[in-house]
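User: I would like a close look at a single part of this model, set against the chain as a whole.

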Amino acid sequence: MKWKPARAAAIAQLEAFLPRSGGEYSETRNYDDGRARTNVSQLSPWLHAGVISEREVVERVLSQHSVTCSEKFIAEVFWRIYFKGYLEQRPSIWGSYCEQRDAAMSRLTSNAESQTAYAEATEGRTGIPAFDLWAQELVETGYLHNHSRMWFASIWIFTLKLDWELGADFFLRYLIDGDAASNTLSWRWVAGLHTKGKTYLARADNIARYTANHPHGPMEARDLADKAHPLEDPVDHCKRPLTLPPNPSKDWFEQSYALLLHDEAASHVPIDLPTPPSLVIAAARPDARSPQPVGDLAQRFAREAVRNGAIAASDAFGCPVTSWEREADLGAILSDAGIKALAVPYLPTGWTSDALLPEIEAIATSGDSVTLLPDLDRATWPSAKAGFFGVKKHIDGILGELGISGAG
């Protein structure tokens, strides 16, 4: 499948998947059927980029299915929200990951054996057929089935004995849907760091079973580790109080203001502004995902999604659009346009925030900036304190609170 960085393409994919988002998804979701897969939604690239929102997806699914029938798919959507909320309350996890990633990469340069093992893993030359195929698919398509991501991470950590941070970095560089929270915390979960002591062990029989319909399946994964001892975290990541930005008043939007669109909020449609902005600013930073080169597919999708979204917003609002490049000064862009106020879709903890927030905070100190947080995030994140069950048990209540109900 090819992902077009446009909202119309996202809506089309969502509509095509709706009939399968109920019981059929629950029964078949764990099977990796190859690149032509239809048993999963494959909406994650557009969701990560904010081309469509989690609320839009949930509402459309529940317009076709009951909450009970679509429970598994709705839970998967909430996993994305949960991971973001969890990382917001433990931002040191992201900082520690970046430090340990850089340290692991530095160690590679002085160890020829590790360099070779890393090259074989990322180039798909380990001799483990399933793993090698996934490595090649990731680089060639920018996507992997979620179950294959788990198998891949487990083999990387427990069979190949490579640093998990290097594997997470490899994913983040090539996945079109590369998300700081989902990616980092999923790798930590496999390694036994997210839920302390609970690891995920890839098994050859499990891989063969769930790749039975794959064009290359049942896929072979011989000589895998038979044990997965949990890794130890060098840092104790204490939970901090969750501070959510207040909802801006409608009066704030009566002034002349600029709307900033970025890698995780590339469309104005889910934001639902009360009044039009006077300027749309496009700020794509996909190269901030890693100090290493980021894959062309991930780079291109992010940049085109933000550019297409900015042009669509400009057309919808009848206002000019400009681009904020890395070397440019945001304050100067606003000053040149005669605008002092800035509306920014929430920048979750991760690489997008690292790249953009310092300059935005400088604008915010003057009191001329507001942060726009989706209501589904606002309602869910307070429950993302520990494991996913804390969120899962509140899903029905959250949907009711937001007026989202299933088909009769």
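Which residue follows helix 9, and what is the sign of its phi? Please also describe how helix 9 is covered and what its buried residues pack against.

Analyst: This is a predicted model, and in it helix 9 is followed by Lys161, whose phi is positive, near 60°. The helix itself comprises the 14 residues 146–159, which at 1.5 Å a residue should span 20 Å, and because its end C-alpha atoms are 19 Å apart, the expected and computed lengths agree.

Helix 9 is mostly covered, with eleven of its 14 residues buried. Among these buried residues are the aromatic side chains of Trp151, Phe152, Trp156 and Phe158, together with Ala153, Ile155 and Ile157, while His147, Ser148, Arg149 and Ser154 are also buried. In general, an α-helix has 3.6 residues a turn, so residues three or four places apart point the same way. The partners of the buried residues of helix 9 are helix 3 (44–48), helix 7 (112–122) and helix 8 (129–141), and also helix 10 (164–174), helix 11 (180–191) and helix 12 (204–210).

As for the setting, the protein chain has 18 helices and five strands, and its radius of gyration of 21 Å is close to the 22 Å that the globule rule gives for 408 residues, so the chain is as compact as a globular protein of that length. Of those 408 residues, 53% count as buried, and residues 24 or more positions apart account for 74% of the contacts with a separation of 6 or more.

Methods
Residues are numbered from 1 along each chain as its sequence is written. This is a predicted model: local features need pLDDT of at least 70, side-chain atom pairs count only at pLDDT 80 or more; totals for chains, interfaces and linings use all residues. Side-chain values use heavy atoms; hydrogens and water are left out. Helices (H or I, at least four residues) and strands (E, at least two) are DSSP runs, numbered from the N terminus. The radius of gyration is taken over C-alpha atoms; the globule rule is 2.2 Å times the number of residues to the power 0.38. Buried means under 20% relative accessible area, exposed over 50%, partly exposed in between (1.4 Å probe, protein chains only). Contact means heavy atoms within 4.5 Å. The expected span of a helix is 1.5 Å times one less than its number of residues.
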